[in-house]
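User: I would like to learn how to read the packing of a protein model. Please take me through it feature by feature.

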Amino acid sequence: MRIGTFISKYHVLQKNQILETDTVTLNGRVTNVRALSSFLFFYDIEEDGARLQIAANKRLVKGNPEKSDFKKAHKYIRKGDVISVVGNPGRSDRGELSLFTIAPPKLLSPCLHDVPQVIPAVKALHNRHLELRTNPQAIKTLRLRSHIIQSLRQFLLMHNFIEVETPIISSHASGALANPFLTTSTSFGDRPLALRIAPELWLKRLVVGGLDRVFEIGPQFRNEHIDGTHNPEFTTCEFYRTYADLDHLMTFTEELLQTLSVRVAKAKFEGNDCHGLPDTPVDFMQPFKQISFIPKLEECLGEPLPDVDPSRPDAEVITDLLEIFDKHRIRVPENPTPAKLLDKLASRFLEPLCTGPTFITHHPECLSPLSKSAVIGGRRVAMRAELFVNGQEIVNCYEEENSPIEQRRKFLAQQLSKPDAALTDAAAVVPARPHTTGSEDEMPVDESYVRALEYGLPPTIGWGCGVDRIVMLFSGQKRISGVLAFGGLRGAVNQGHEDPEAVSEKEQKLEENLAALEMAREKAEAAKGE
């Protein structure tokens, strides 16, 4: 019997009551050992988050064993051991639900090390099994992650979506602006292959093929920096549906997140497996706020945004945008393009406005090469919406571009959008943060995908979310490493280094700096709340 089942079944027992008619076998890990005498031992054992007291009283053991035999049977049981015990359910004279043993415990697996009460952050990251043993919140966060992924899957299945799996390794990476991980295969000689950076184009090929509602929950890989909210390997959920529009998609998103919020609240309720995690400080039950990208940005700037229509030469657009950066003393990103500059303005002025759930809609076309375009308010914009919560992007929504002619034009326009280093040097107000260049500056023309569009992609909406960020939001974790089973790439690469000195000095220093930064951020938020 599982310990949780035992507690549910026998919680009604009264003080000093023992059910000698019921014989139960329990398995679990010893979390505490108390020897009151040679005749009486107490253990606490734990299984799957549930804990129970085991009472070993020589008087109750069948066969009336010798004192020395009884003592020997319990003498070598220590904290961390995995044991199996047989006994009768009951309550002690202090009222604690217990299993009263009728036979010696059976050692299933010994623990050969002392498990510390608290372990340093660096050691915890590189020895995740120890952190899980000493930090109940870490286990509860992984349980909550499972609830969230199950809820996402169930919601989409309930709306008649089909779950699929698309290739992780292929000849090239497409569907997003990012640097891929490259590899080779013994089956293809020296031909370079890439791990996927997004499943989008694969999923839309399936829609062309006749699957009108498809989704995938799975890992993506981007060879980029690591910080509090980014890890090179991360999990996304993406779905595509025919014959719907952006307004429908935003309403659908509200319903999905409301469903998630209810599931999470139930999991955190007292007695359930995620109880003790902080309440979610976001109300998903109200209609989400909407901000239109260009009008709101113009309002924040106090002046009209330059014409960023793709028909204008990029050099002219960049020059006009850099005047705004100069005027507002904004750090210029390295190798600026219209898309990079607009994205920087959004992160500076729009994203901080998104404390509660907020959609930023109708971005300039150059920010969304895979999205359908429209002219709204005299501007050419993408039929796109990004959902932000507490200033963090959670969801991306699109009406998908289904014209092969327009899709090829947008791919080519983005390739022609080359950074102008001279413009950067002339207008840089503050030194730019180092930024990875290369494939993330442009999305290559995926001719095979364009050819697939030539067979007819129905009007389609697309939706994507970062599962890790959603788990961070609902669990209260401030860093993405806290919601990943092994703390992300930094934890996985050095997993098993029990001694922090075994980790490179540079990496250990980075971990310490990140921890100090997080502590400073928490203090600032606390001071702001006061």
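Analyst: The turns below treat the nonpolar cores, one charged residue and one helix. The model is predicted, with local features requiring pLDDT of at least 70, side-chain atom pairs pLDDT 80 or more, and totals for chains, interfaces and linings using all residues. Residues are numbered from 1 along each chain as its sequence is written, and side-chain values use heavy atoms, leaving out hydrogens and water.

User: Which residues have the most contacts inside the largest nonpolar core?

Analyst: In soluble globular proteins, nonpolar side chains tend to be buried together. A nonpolar core is a set of buried Ala, Val, Leu, Ile, Met, Phe, Trp, Tyr and Cys residues joined through side-chain atoms within 4.5 Å; buried means under 20% relative accessible area with a 1.4 Å probe, protein chains only. Here the largest core has 45 residues, and Ile 148, Leu 152 and Trp 463 have the most contacts inside it. Helix α7 gives the largest share, nine residues. A second, separate core of 27 residues includes Ile 291 and Val 332.

User: Is Glu 399 buried or exposed?

Analyst: Glu 399, in strand β18, is buried and has no salt bridge (a side-chain nitrogen of Lys or Arg within 4 Å of a carboxyl oxygen of Asp or Glu). The nearest side chain of opposite charge, Lys 372, is 6.6 Å away.

User: Which residues of helix α8 are buried?

Analyst: They are Phe 293, Ile 294, Leu 297 and Leu 301. These residues cover an arc of only 85° around the axis (taken from the directions to the C-beta atoms), so they lie on the same side of α8. Their cover includes α9 and α10.

Notes: Buried < 20%, exposed > 50% of the residue type's maximum accessible area, 1.4 Å probe, protein only. Helix = DSSP H or I, 4+ residues; strand = E, 2+ residues; numbered from the N terminus. Lys, Arg positive; Asp, Glu negative; His and termini not counted. Contact = heavy atoms within 4.5 Å.
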